[in-house]
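Work through the following exercises with the sequence and the structure side by side. Try each task before reading its solution.

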Amino acid sequence: MNKKDDIKKIKKRLKQLSKLINEHNIHYHQNDKPVISDGEFDKLVNENANLEKRFPDLILKYGPNKKVGSSLKNKFKKTIHKSPMLSLGNAFNFNELKEFDERIKKYLNIEIEKKLEYVCEAKIDGLSLNLTYKKGFLISAATRGDGITGEDVTRNISNIRNIPKKLSDKFPDFIEIRGEVFLKRNDFEKINSKLDDKNKFANPRNAAAGSLRQLDFNISRARPLQFLAHGIGYSSKEFDYFDEFYLDLQKWGINKNNIYLKSSDIHSIFEFYKKVNDARSSLDYDIDGLVVKLDNIANQKRLGNVGKNPRWAIALKFSAEKAKTVIQEIDLQVGRTGSITPVARLKSINLGGVMVSNATLHNFDEIKKKNIQIGDTVEIQRAGDVIPQVVRVVEKADKYDKLITPPKNCPICGGKTFKEKNEAVLRCQNTYECYAQKISQIIHFVSKKALNIDGFGEKQVKQFYDLKLIKDVSDIFKLKSYRQEIEKLEGWGELSFNNLINSIEKSKTIDLDKFIYSIGIRFIGEVNSEILAKEFKNIKNFISASKSTVVLSNIDGLGPKAINSIKDFFSFKQNILLLERLSSYLTIEEEKIANIDNFFNGKNIVFTGSLTSISRDEAKYIAKKVGAKIQSSITKSTNYLIVGQKAGSKAKKAKELDINTITEDEFLKKINS
């Protein structure tokens, strides 16, 4: 292929990207019914940005970067859930269901042979809703949002018949009832039949979400939304078993799912799962799995959560949705941590109600293993992950232009690539100069889960970076000095600039765990950020102590990959200087020490030996709840060693260091005192 053909191909791709990005902006921002995932949309924008960066002479006059953002139609009041709305972990087969059952028994210190009672129900593919009742009256209805804060849609649920405005007798003083809002398939089809092709919803779930989240609540009222309850949030009434809650729902006129089973036999549960899977196509609403949850609520509370997932429940997902299509191109994307991911650009196909045009190929080992090339007909699937993946090659292409091999240089910056030992991912080593990595790092920093700066998305980040107004994340806090330059840019003005600066100012006070997450250290997600914040309490401790392998390896719950990644991050002076600059702009809130009147609050404790009345995992969990810090090994900073049966070398070391030892019985008495 000659240079002229290359330019022609790039022009064509830029036009395709412009059309796709603009269409998806309308779907997401204006119609409230996205047809692809956020990750897939980001990949389109990244690809367009990279091509424009490499070929500035080919930038389209009306390309997607000529417009900044898109106006939101809907603005709802925010509401905080009294109890967080958690998401479920996934299982896909009997072995994973069995492992879930065994994990619970191990945690509760119950013999594997003993049977636990579970309640199971079909998992509706809808929009999660939290109903709050006080003194029997409905006071709010809110979407899940981020699990902590949702959108108040109380007015929009007034037409849902089985959501009563007032509960009947014997109601608790306060209760949060969780469930799913959805549309039946025939109602979905009726709604779509009245819309033109551009505005049609891709599937019933999107239609339900779009119907519920309407600023004009008359639109919501006119659509036959349904609601089925499946969970309890905070409740002033103590329920002993989950099925007791379901009996109360029946009295109050709130429906639960009729596809329901109570069983203590996981073999029976899996047979029920297969039966429901076989029957799902005949149902008049969409389901995507079976939810299995422990019936005993006291044990649910003992089990607690792992990150954002409850230990006591799991979603047993149905078999992956699959389809066949053709790979038209394979692009390379560079992520925030330098990972180079090959992505298949597909001939668009409808997969589970969503038009799919991209699929991840994971890494180059996968390409080689599956013998994938451009032009191949492949089978793709969506299972658990939103982003589709290529499963296998169905039919090889007659011929292909080039062999897909791992690049020796980064496709964006030209830096050398490398692969770490025991890792399949190829990475760009040019961490501090690579355009794609720098852009992705800044986008991560301003994202909702980090600093949450409104009006500062990928387009704005790229715009300011290309104009050299920002070079790294600390420069964000200097943007107010560029008022004249920014207000002159297309899509900007006095109002939009002021809104951005106000949002930046608002972000300057941030919790320590969110700050740690925002700086984007590899393997340090939300859960590990919380662990580090609880351990170090403030930013100074985090910076000084994170250089020590001994300190890091003694933090319960922090794995070796995370420890090595933190050490690597702090081995670069520029990272420490960046944190110091950020500390001068931000008020990083110290992690609050739990105000708990308990013997172990603020103490460093280590466990050794086998515990008999509770499991080691549960002992650690309840110790953390009363403010203790769990260490994995004995050091001079250890306050107490909790000794179970058959204690090992830790007991001997504790004696050498003159550290107090406590028996299991003494530990439980002090915990409960």
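The exercises below deal with confidence, buried elements, nonpolar cores and aromatic rings.

**Exercise 1.** Find the average pLDDT of the chain and the stretch where the pLDDT is below 50.

Solution. Begin by noting that this is a predicted model, in which the chain averages a pLDDT of 87 and 93% of the residues score at least 70. Then turn to residues 67–74, where the pLDDT is below 50, although this stretch has 20 contacts in the model beyond near neighbours in sequence.

**Exercise 2.** Decide how far helix 5 (residues 204–212) is enclosed, and name what covers its buried residues.

Solution. First count the buried residues: they are Pro204, Asn206, Ala207, Ala208, Ala209, Gly210, Ser211 and Leu212. Since eight of the nine residues are buried, helix 5 is largely enclosed by the rest of the structure. Finally, look at the cover, which includes strand 4 (127–134), strand 5 (137–143), strand 7 (174–182), helix 4 (185–193) and helix 6 (217–221).

**Exercise 3.** Which strands pair with strand 3, and in what sense?

Solution. Strand 3 pairs with strand 9 (residues 260–263) in the antiparallel sense over four bridges, and one bridge joins Tyr118 to Ser263 in strand 9. Strand 3 also pairs with strand 10 (residues 287–294), again antiparallel, over seven bridges, where Lys123 has Gly289 as its bridge partner. As a last step, note that six of the seven residues of strand 3 (residues 118–124) are buried, so the strand is largely enclosed by the rest of the structure.

**Exercise 4.** Which residues touch the most other members of the largest nonpolar core?

Solution. This core has 53 residues, and the ones to pick out are Phe456, Phe464, Ile476 and Leu582. Among the helices that each supply at least two residues of the core are helix 12 (458–466) and helix 20 (573–585). Next, follow Ile476, whose contacts, leaving aside neighbours within four places in sequence, are Ile442, Phe445, Val446, Ile453, Phe456, Ile470 and Ile504.

**Exercise 5.** Classify the ring pairs that Tyr246 makes with Phe242 and with Phe245.

Solution. A pair of aromatic rings is described by the distance of the centres and the angle of the planes. For Phe242 and Tyr246 the centres are 5.2 Å apart with 85° between the planes, and this pair is edge-to-face. These two residues are four apart in helix 7 (residues 242–252), and therefore separated by about one helical turn. For Phe245 and Tyr246 the values are 5.8 Å and 35°, so the pair is tilted. To finish, place these pairs in the cluster that ring pairs form from Phe239, Phe242, Phe245, Tyr246 and Tyr260.

Technical notes. Residues are numbered from 1 along each chain as its sequence is written. This is a predicted model: local features need pLDDT of at least 70, side-chain atom pairs count only at pLDDT 80 or more; totals for chains, interfaces and linings use all residues. Side-chain values use heavy atoms; hydrogens and water are left out. pLDDT is the predictor's confidence in each residue, from 0 to 100. Contact means heavy atoms within 4.5 Å. Buried means under 20% relative accessible area, exposed over 50%, partly exposed in between (1.4 Å probe, protein chains only). Two strands pair if DSSP finds at least two bridges between them. A nonpolar core is a set of buried Ala, Val, Leu, Ile, Met, Phe, Trp, Tyr and Cys residues joined through side-chain atoms within 4.5 Å. Rings of Phe, Tyr and Trp (its six-membered ring) pair if their centres lie within 6.5 Å; planes under 30 degrees apart count as stacked, over 60 as edge-to-face and the rest as tilted.
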